[in-house]
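This report goes through the strands, helices and aromatic pairs of one protein chain. The sequence and model are shown first.

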Amino acid sequence: MKLRRSLAVTAAAGLAVLLVAPSATAAPTAKAAQTLGNRSLAAVLTANGGGQFDSNPFDYDILTQAVLAVIKAKPNSNVALLANGNVALTAFLPSDFAFRDLARQLTGKYIWSEKDVFNTLVSTLGVDTIEAVLLYHVIPGATIDSKTAVNSNGASLATALPGASIRVQVVSKWLGLVKLVDADTNDANPYLNPFALNINKGNKQIAHGITAVLRPVDLP
């Protein structure tokens, strides 16, 4: 599969090249970064038993389990940056529904169980490719809140996947509609979820929910 081959090679070739500052349009000031807390996004996602498979399609259980699976298989993976609250970054979080839709597109089948979706993605893509996809959702070196995002039309954000970037397209500044343009030209691009913005605000690591999984390459 093109996705699996391409991303596995890219991830293996450059995972050490991280903490590259994203575009100046989105970067916070150094003074602001110094005043932020150090609670990690991993702590947020796993708080109060979070990250366990359930029937809620709008949380991030599949994402959390994917992060844990990568770290277990590859302890030195830079996905572990999500557990280091001293490292400034912005993460875009696909919901369980978004991952279910990805599994449907990959297999042609609609899978209801979150656990089955997760297992399908692991068996179809492999851990290396899942690692690369996760890194593509992380913008290292900057804490980008929703106010900054909605004022960043046209910004190109360097992701934690070496050599891969995403572009910010502000569809409506008044409505706060922000689209993230990925490398897959054959599929709809995700939007920031207006009901899941500024997760972990006040800390160096911040996240925003998104409506679909970002894709670093075109899917077949």
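## Strands β3, β4 and β5

In this predicted model, A158 stands opposite S165 of β4. The two strands concerned, β3 (residues 156-158) and β4 (residues 165-172), run antiparallel and are joined by 3 bridges. Their hairpin has 6 residues between the strands, and G163 there adopts a positive phi near 80°.

Strand β4 is also joined to β5 (residues 177-181), by 5 bridges and again in an antiparallel arrangement. Within this pairing, Q169 has K179 in β5 as its bridge partner. A hairpin is formed by β4 and β5 as well, with 4 residues between them. G176 lies in that turn and has a positive phi of about 75°.

## The open sheet

Three other strands make up an open sheet: 3 strands in the order β2-β1-β6, with mixed pairing. Strands β2 (138-140) and β6 (205-210) are at the edges, each pairing on one side only. Direction ignored, neighbouring strands of this sheet are turned by 15° against each other on average.

Between β1 (residues 89-94) and β2 there are 3 bridges, and these two strands run antiparallel. A91 has V138 in β2 as its bridge partner.

## Helix α4 and its two partners

Helix α4 packs against α6 with the axes 10 Å apart, at an angle of about 40°. Angles from 35 to 65 degrees fall outside the parallel and perpendicular classes, and α4 and α6 are therefore oblique to each other. The crossing in which α4 passes α6 is right-handed. On the α4 side the residues involved are D61, I62, Q65, A66 and A69, which meet E114, V117, F118 and L121 of α6.

The axes of α4 and α7 also come within 10 Å, and they cross at roughly 120°. This makes α4 oblique to α7. In this case the crossing is left-handed. Helix α4 makes the contact through L63, A66, V67, V70 and A73, while α7 contributes V127, I130, E131 and L134. A66 is listed in the contact with α6 and also in the contact with α7.

## Burial of helix α7

Helix α7 (residues 127-135) is mostly covered, with 7 of its 9 residues buried. Those buried residues are T129, I130, E131, A132, V133, L134 and L135. Among them, I130, E131 and L134 also take part in the contact with α4.

## Aromatic pairs

How many aromatic pairs does a search of the whole structure find? The search gives 2. In one of them, the rings of F53 and F118 have centres 5.8 Å apart; their planes stand at 45°, so the pair is tilted. F53 sits in the loop between α3 (41-46) and α4 (61-73), whereas F118 belongs to helix α6 (residues 114-125). The two residues are 65 residues apart, and the pair links distant parts of the chain.

Are F53 and F118 buried or exposed? F53 counts as partly exposed because its relative accessibility is 30%. F118 has a relative accessible area of 13% and is therefore buried. F118 is also one of the α6 residues that α4 meets.

Y110 and W112 form an aromatic pair that is edge-to-face, with 4.8 Å centre to centre and 65° between the planes. Y110, at 38% relative accessibility, counts as partly exposed. W112 reaches 65% and so counts as exposed.

## The chain as a whole

The protein chain contains 8 helices and 6 strands. Along the sequence these follow the pattern α-α-α-α-β-α-α-α-β-α-β-β-β-β.

Of the 220 residues in the protein chain, 49% are buried. For contacts between residues at least 6 apart in sequence, 67% join residues at least 24 apart. The F53 and F118 pair, with its 65 residues of separation, is an aromatic link between distant parts of the chain.

Definitions and conventions
Residues numbered from 1 in each chain as written. Predicted model: local features only at pLDDT ≥ 70, side-chain atom pairs only at ≥ 80, totals over all residues. Heavy atoms only, no water. Phe/Tyr/Trp six-rings, centres within 6.5 Å; stacked < 30°, edge-to-face > 60°. Buried < 20%, exposed > 50% of the residue type's maximum accessible area, 1.4 Å probe, protein only. Pairing = 2+ DSSP bridges. Axes fitted to C-alpha atoms, helices over the stretch in contact; angles between N-to-C directions. Parallel < 35°, antiparallel > 145°, perpendicular 65-115°, else oblique. Left-handed = near helix turned anticlockwise from the far one by under 90°. Contact = heavy atoms within 4.5 Å.
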